[in-house]
Amino acid sequence: MSKLEVTQSEWTVHSEQDTVWLANWLGDRAVPGIVLALDGDLGAGKTRFSQAFAASVGVTAVVNSPTFTIIKEYTGSRLPFYHMDVYRISLEEAEDLGLDDYFFGEGATIVEWASIIEPILPESRLDLYIEHLGGEARRFMLAGRGEPYATWCRELGMLGGGSK
């Protein structure tokens, strides 16, 4: 197996609108089969980011955390959106869910608490860690593993890594 290029970027936002901008920027680039692996402390903004991303791929339904259902599927005008929250399951349970059907499917996937199932995530993905800095400020630490994710991190780096 070849080693994928990993490119890192950091993005600091100062408002909810900045978080929405970043989610939209990524959503505008979404193609079938992309996977965003989201982590961060409780209250860091994972679900809010996921909601904004979903809207950017054309989801008009209410998007909320799938904490107890684990996976929610949404129809978007551009792409289907698969929203996962694996906080309450073990790696072994996740392995039995057939997540590859989502990861390599026709839609865009966001996995909240992704580090719990890291061994079964696709090698090529975008890892996002959200750190709450107080108030509405957040720091997004991104690691693009393979393409197109590494390119996205480079592009974000050229934009300055700050709020837009």
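Select Arg154 and Glu5 in this predicted model. Their side chains meet in a salt bridge, 2.6 Å from N to O. The two ends come from distant parts of the chain, 149 residues apart. Arg154 sits in helix H5, residues 149-158. Glu5 belongs to the segment before strand E1 (6-13).

Now color by accessibility. Is Arg154 buried or exposed? Arg154 is partly exposed, because its relative accessible area is 35%. Glu5 is also in the partly exposed class, at 41% relative accessibility.

Keep Arg154 selected and add Glu147. Glu147 forms a salt bridge with Arg154. Here the closest N and O atoms are 3.4 Å apart. Glu147 has a relative accessible area of 44%, so Glu147 counts as partly exposed. Arg154 therefore pairs with Glu5 and with Glu147, in keeping with a general rule: side chains of opposite charge can pair when their charged atoms come close.

Next stop: Glu16 and Arg48. What joins the side chains of Glu16 and Arg48? A salt bridge does, with 2.6 Å from N to O. This pair, too, links distant parts of the chain, 32 residues apart. Glu16 lies in helix H1 (residues 16-28). Arg48 lies in helix H2 (residues 46-56). Both ends are partly exposed: Glu16 at 36% relative accessibility, Arg48 at 30%.

Select Glu118, Arg125, Asp127 and Arg145 together. A network of salt bridges links these four residues. Show their side chains as sticks to follow the network.

How many salt bridges does the structure hold? Nine. The pairs visited so far include Arg154 with Glu5, Arg154 with Glu147, and Glu16 with Arg48.

Last, turn to the surface and select Glu92, Glu93, Glu95 and Asp96. What gathers there? The four residues form a patch of negative charge. Switch to a surface view colored by charge to see the patch.

Zoom in on Asp96. Where does Asp96 lie? Asp96 is in the loop between helix H3 (91-95) and helix H4 (100-103). Why does Asp96 count as exposed? Its relative accessible area is 69%, and exposed means over 50%.

Conventions: Residues are numbered from 1 along each chain as its sequence is written. This is a predicted model: local features need pLDDT of at least 70, side-chain atom pairs count only at pLDDT 80 or more; totals for chains, interfaces and linings use all residues. Side-chain values use heavy atoms; hydrogens and water are left out. Patches are made of residues with over 30% relative accessible area and no salt bridge: like charges are joined within 9 Å, nonpolar side chains (Val, Leu, Ile, Met, Phe, Trp, Tyr) within 5 Å. Accessible areas come from the Shrake-Rupley method with a 1.4 Å probe; for residues, only the protein chains shown count as cover. Lys and Arg count as positive and Asp and Glu as negative; His and the chain ends are not counted. The place of a charge is taken as NZ of Lys, CZ of Arg, CG of Asp or CD of Glu. Helices (H or I, at least four residues) and strands (E, at least two) are DSSP runs, numbered from the N terminus. Buried means under 20% relative accessible area, exposed over 50%, partly exposed in between (1.4 Å probe, protein chains only).
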